[in-house]
Amino acid sequence: MSLEAAQQLDAADPLASKRQLFELPAQTIYLNGNSLGPVTKAAKERLQAVVDLQWGNDLISSWNKHHWIDLPASTGHKIAPLLGAKTSEVICCDSVSINLFKLLSAALAELNQRSPQTKVTLVSQQDNFPTDLYIAEGFTELLGQERIELCVVEESELHAAIENQPAILLLTQVNFRTGAVHDIEAITRLAHQRDCLVIWDLSHSVGVMPLQLDQWQADYAVGCGYKYLNGGPGAPAFAYVNESLQSSLQQPLQGWMGHKAPFDFSPGYQADTGINRLQCGTPPILSMSALDAALDCFEGLAVHDLYAKASRLSETFMDSLRSNGAADSLQLISPRDPSERGAQLGFSHEAAYPISRALAEQGVITDFRSPDILRLGFSPLFLSYAECWQAGAILAQTVTEKLYLEQRFSVKNKVT
Ligand SMILES: *Cc1c(COP(=O)(O)O)cnc(C)c1O
């Protein structure tokens, strides 16, 4: 391939016009949309309107007049088609970490109803995203060994770990370091054969991986609003619960927004129906409005096409690295076959951190993941093939000419 060939792909790209929906700084190739999606024009305009007209003018009446109270449900409705879910199965609320706690509780309550007095195993994977493991640890410590035991294993040991007793499987579809993808359908089928429930973390999936949660008979899922959904820093997350698990759904963070009549102010908790009982406290209207507006960028798009473009963008990048003579200087830790990875690539290199800083100085934004991983995300809504080609060439030059050795590139920031 060549830069010209990449430009030809851009000319024929039906998604190319989507770039106009975003505001990105000039001279920047943003390969970090998997960590923090860029701002959309729609979100900017919406925030302005919410501040000036709604909060600024209509004040508290906005809860009714501008339907703030319905925003967790209506934002969830926009996420549902990206998951292959019904609108009644998705709610926007809280962070991924908090939603994980709620769904772990829900899954445990469900298993306890099915087989009372039986101890449950909570199984997760050693290289899962740390917050998932930390929440799992805190959850099992709270409840004690008699009720639930945490079992964190290597990926190759997952099947064996759900062999013996009722288990909750807590997995992330796209590995945050390598991008390797789990087969949700196959794992769910196996888990159900063994009386297990599965909670999927879709943080690095939603908005780019084609998902069919209902068709795959998934149980529970969570995911992030600020990565491929471009909802803004700290945007609220979402939770999915399969319809078949909703009538018995219980979770302990019984805040008033999950109550069936919050404005009755009655002293006892009575859960609302369905997915709404996953809500806890007052929704963050500013950040949820930004996410809600950003989600309109997905209207009319097939996630399949987004994934196909993301795969091709990452292959264009790989071709560029090879053509520019750097394929051997960096160790690819992602699956070589694009169909086996998410919309990201990871490379290990002892100087991964200074390399990421040196790239940033040249306008190529990537991230570093401890201890030695350079990570690049290929968001299909705003990246072009030519940019991915150029980014490959810049990385190749940075590595082969050791441009990262300058002292200033080794100074660590608080957030990497
Ligand atoms: C980004 C990410 C999170 C973030 O969790 P928050 O509680 O929203 O900060 C969780 N899990 C995975 C797999 C992620 O990639």
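Here is a chat between a biologist and a modeller about helix packing, a ligand site and some backbone details.

Biologist: What kind of model is this, and at what pLDDT do side-chain atom pairs count?
Modeller: It's a predicted model, in which local features need pLDDT of at least 70, totals for chains, interfaces and linings use all residues, and side-chain atom pairs count only at pLDDT 80 or more. Residues are numbered from 1 along each chain as its sequence is written, and side-chain values use heavy atoms, with hydrogens and water left out. The pLDDT asked for is 80 or more.

Biologist: Are α1 and α12 roughly parallel or roughly antiparallel?
Modeller: Helices here are DSSP runs (H or I, at least four residues; strands are E, at least two), numbered from the N terminus. The axes, lines fitted to C-alpha atoms over the stretch in contact, give angles from 0 to 180 degrees between N-to-C directions. For α1 (residues 3–11) and α12 the axes come within 7 Å and cross at roughly 155 degrees. Under 35 degrees counts as roughly parallel, over 145 as roughly antiparallel, 65 to 115 as roughly perpendicular and the rest as oblique, so this pair is roughly antiparallel.

Biologist: Which residues of α12 meet α1?
Modeller: Contact means heavy atoms within 4.5 Å. From α1 come Leu 3, Ala 6, Gln 7, Leu 9 and Asp 10. The contact has six nonpolar, two polar and one charged residues, where Ala, Val, Leu, Ile, Met, Phe, Trp, Tyr, Cys and Pro count as nonpolar, Asp, Glu, Lys and Arg as charged, and the others, Gly among them, as polar. On the α12 side, the residues are Tyr 385, Ala 386, Trp 389 and Gln 390.

Biologist: How do α11 and α12 lie to each other?
Modeller: The axes of α11 (residues 352–361) and α12 (residues 385–400) come within 10 Å, crossing at roughly 130 degrees. Ile 355, Ala 358 and Leu 359 of α11 make the contact with Ile 394, Leu 395, Thr 398 and Val 399 of α12. Those residues split into six nonpolar, one polar and no charged. The angle therefore makes the two helices oblique.

Biologist: How many charged residues are in the contact of α2 with α9?
Modeller: α2 (residues 41–58) packs on α9 (residues 285–294) at about 140 degrees, with the axes 8 Å apart. Among the contact residues are Arg 46 and Trp 55 of α2 and Asp 292 of α9. By class there are ten nonpolar and one polar, and the charged ones number two.

Biologist: Which side chain has an N or O atom 3.3 Å from a ligand nitrogen?
Modeller: The residues around the ligand (a heavy atom within 4 Å of it) include Ser 95, Phe 129, His 204 and Tyr 226. Polar contacts are pairs of N or O atoms within 3.5 Å; within protein, one must be able to donate a hydrogen and the other to accept it, and residues adjacent in sequence count only if both atoms are side-chain atoms. Ligand oxygen atoms sit 2.5 Å from the side chain of Ser 97 and 2.5 Å from that of Lys 227. For the nitrogen, it's Asp 132.

Biologist: Where is the cis bond from Ser 370 to Pro 371, and in which loop is Pro 371?
Modeller: Most peptide bonds are trans. The one from Ser 370 to Pro 371 is cis, with omega near 0 degrees. Pro 371 is in the loop between β12 (367–369) and β13 (373–377).

Biologist: What is phi of His 67?
Modeller: Most residues other than glycine have a negative phi. Leu 59, in the loop between α2 and α3 (62–65), has a positive phi of about 45 degrees. His 67 sits in the loop between α3 and α4 (71–83), and its phi is also positive, near 55 degrees.
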